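Here are a few exercises to work through with the model open beside you. Each task is followed by a solution in steps.

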Amino acid sequence: MSATAMKTLFAVASLLLCSVGHANINVDGRADEIEWQQAKVLDQFVTVEPYTQAIPPYQQRVLLLSLPEGLALAFQIDHPAEVTRTKPQTQRDQLDSADRVNLIIDFDNKGQTAYNFTVSLANGIEDGIASRNNFRNDWDGDWQHAVHETDNGWSVEMLIPWTIAAMDPVDGDTRTVGIYLDRVLKARGERYAYPALRFNQSDFISTFAKINIPAYSASQSHVYPYVSVRRDMVNGDTETRAGLDVFYKPSPSFQLIGALNPDFGQVESDDLVVDFSAIEVFFSDKRPFFTENNDDFILSLPDSGQLIYTRRIGGNRDDGKGIADIDAAVKLRGANGAGSISYLGAQEADFGDDLGRRFQVLRPKYRVGETQFGYTLLQTDRPFLQREAQVQAVDVTSVFNENVHLHVQALQSQIDVADSRTRDNGGWLAVDINPSVSTQHTFELVNYGEELMLNDMGYVQRSNLRQVSWLTRYVQTGFADDAWIQEIEWQGKVKPRRNQQGDDIGDMARITMQARSRAGDIAFFESVITQPGEDDLISRGNGNWDAPEKLSKEVWFESARRDNSAWSGGYYSYEEGLHQSFDMYWAAYTHYFGDSFTTSTELKYRDSPDWLIWQQGIDFNRYQREVYEAEFGLNWFPSDKHELRLKAQWLAIAADHGQAYQLVNEDMQATGNAVADLNINTFGLQLRYRYKLGSLSDVFAVYSRGGFSEREDGPDAPGPLFSDALELRDADQFLVKLRLQF
């Protein structure tokens with residue numbers, strides 16, 4: 001970017017700067033201001049992990065106060081000195097190993113979307129968005145928090161500004177919100193909550209406690225300029241970028257989020273994945289523009305699908321030449337008490353030259369009583385492929401009573417490629433039946449047309465599907481006081497499946513057991529059986545395979561932290577290929593060198609005598625293979641403002657004894673021809689330093705190195721493979737980035 005353009009961007013930032021008000025309370029964790037005397041008191045906590053509903057052995061009390069600046073909460077936690085306090089310092093959204101308190105709030109009390117705010121005893125935080133059967137920690141909000149610790153307990157203050165989420169305006173002086181609160185005591189492996197709910201309930205959000213609080217109308221504007229410099233040591237290039245994110249919310253009924261030349265480069269690396277299956281790998285999104293105030297665009301589909309998969313935007317270019325840059329993006333939302341309308345638009349670089357893509361989403365919603373109606377229009381223009389994709393969806397969510405909830409969505413796609421047009425329909429229905437917290441059922445029906453295409457902007461594992469499923473979950477408690485087990489959660493699921501041609505594509509049945517010990521250890525077992533059926537994806541449209549029955553088994557154990565360490569290990573087996581199973585073993589160990597320095601190591605080994613992968617057309621290769629994986633992590637927090645993280649990953653595949661096969665009349669037939677060995681080696685390392693200037697203002701210095709190799713010869717033992725991986729250098733770069741909030 002030129003110096004003139006950079007000056008222009010920062011000039012725009014200076015024009016949009018605004019002053020931000022300060023709360024009347026001082027967020028220091030003490031809750032000693034006079035305003036707290038007027039707060040609501042919530043102290044009816046019961047034990048939900050394990051789900052005994054017993055009165056906790058230690059008290060937790062929450063003060064809740066609605067202020068013009070936001071919603072203020074003070075958690076007052078009893079924690080005697082003789083009970084172990086677990087308070088490692090961790091990076092954001094990684095608090096599973098710590099004592100912590102948790103607020104989840106549905107600002108509109110509609111049971112659809114809620115926001116999660118968690119603070120650990122070490123003053124670490126976690127935030128995210130919850131919806132039906134879906135928790136996402138890829139959203140980072142701007143809110144205040146502090147912890148104060150004493151000999152007999154600790155306390156937490158939170159201040160959640162009214163501008164943090166897209167809230168509907170209300171008539172009158174009060175707002176009704178849905179609230180869930182909990183406290184996790186790691187030393188006992190217990191969670192105490194109000195009300196008595198569990199996260200994996202399908203009706204979790206809709207059964208929050210309903211609380212009336214004074215309503216306030218807040219406005220806020222923020223500007224987030226950034227500048228980054230990246231040095232590529234492989235090519236010898238240096239790239240300087242600058243850009244601007246704008247957040248403008250003059251009232252609860254309107255907001256705008258815009259981005260000019262946004263920096264969507266990763267300072268958080270994805271996990272290494274080498275995948276040969278016909279189903280695309282899903283990755284979460286941590287880019288602030290797409291996660292900020294994004295609840296209107298979280299539209300989940302069955303089988304982990306997403307109607308809007310934001311990683312498509314700024315993803316791999318259609319011409320195959322790297323990752324696309326984004327010129328500009330915008331989100332708009334207008335709302336009244338009964339409904340809202342939202343818009344998302346983004347355009348990649350070189351769209352005018354028929355290389356980049358343009359993405360647009362329009363999403364109106366309207367609510368009548370306990371029923372919400374929604375419509376979504378998605379438009380994706382891909383000029384390089386001469387492809388325009390349009391998807392329309394109509395959804396209805398209704399609460400029949402407190403025990404039965406209905407979710408329905410009708411879908412249609414229209415794809416124009418050059419002079420041809422393809423149109424098809426689909427839809428799904430889910431009924432949640434919740435007789436109690438400990439027993440719940442979900443019935444689901446899916447019907448996707450053969451040519452229903454959602455993946456230009458969305459993510460689905462497959463179309464051409466007719467599927468019925470039934471899921472039952474049961475929590476078993478009431479074990480003896482001296483029993484090792486405190487709780488067992490059982491899940492059973494059956495899923496008959498057909499494609500639109502009537503082919504049986506493999507009915508599935510699954511049973512899962514998760515046991516929780518009194519010390520906080522977790523033991524897990526799962527078995528899944530898939531009946532023989534037609535695999536209509538494996539050849540990528542070149543014929544079905546009459547696949548055999550497949551059985552998978554998984555068992556793992558995860559220990560609670562004891563002293564300065566925690567460990568886990570497991571075994572997984574799955575029948576792949578023509579008829580044989582692979583065996584995979586893994587182990588992980590975490591060591592705490594005090595509360596500010598942590599290391600973790602994970603090792604995996606897979607022995608697979610029957611690996612079948614597609615080559616092209618009807619051609620397949622079958623190998624014996626071994627897979628080696630290793631991951632090492634280091635986290636160091638010298639002080640509250642400094643964070644140093646190292647993440648190193650290695651994955652290698654050594655496949656030999658290869659034989660060629662062809663798919664003929666739905667049968668895999670050996671050709672008698674041997675094929676060359678296949679060795680894959682990949683390595684990634686990231687060393688990241690972060691200096692926190694403010695809530696969402698940071699300086700990053702990131703060194704990244706990695707590479708990928710695929711060859712027919714070379715070592716197949718883990719030692720030489722790892723040595724070769726350390727020499728891979730497809731990427732070798734150093735990035736410095738400054739992001740500010742005004």
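**Exercise 1.** Find the residues that form a nonpolar patch on the surface, then place Tyr 474.

*Solution.* The patch consists of Tyr 474, Trp 490, Ile 511, Phe 525 and Val 555, which together have about 430 Å² of accessible area. Patch residues have over 30% relative accessible area and no salt bridge, and nonpolar side chains are joined within 5 Å. Areas come from the Shrake-Rupley method with a 1.4 Å probe; a salt bridge is a Lys or Arg side-chain nitrogen within 4 Å of an Asp or Glu carboxyl oxygen. Next, locate Tyr 474 in strand β27 (residues 465-476), strands being DSSP E runs of at least two residues.

A word on the source: this is a predicted model, where local features need pLDDT of at least 70, side-chain atom pairs count only at pLDDT 80 or more, and totals for chains, interfaces and linings use all residues. Residues are numbered from 1 along each chain as its sequence is written, and side-chain values use heavy atoms, leaving out hydrogens and water.

**Exercise 2.** Is Tyr 58 buried or exposed?

*Solution.* Start in the loop between β2 (46-49) and β3 (60-67), where Tyr 58 sits. Its relative accessible area is 18%, so Tyr 58 is buried (buried is under 20%, exposed over 50%, partly exposed in between). Then list its contacts (heavy atoms within 4.5 Å): beyond four places in sequence, Tyr 58 meets Asp 78, Pro 80, Val 83, Arg 183, Leu 185 and Arg 188. Finally, check the C-alpha atoms of Tyr 58 and Asp 78: 5.7 Å separates them, though they are 20 residues apart along the chain.

Note on methods
Helix = DSSP H or I, 4+ residues; strand = E, 2+ residues; numbered from the N terminus. Buried < 20%, exposed > 50% of the residue type's maximum accessible area, 1.4 Å probe, protein only. Patch = residues over 30% accessible without salt bridge, like charges linked within 9 Å, V, L, I, M, F, W, Y side chains within 5 Å.
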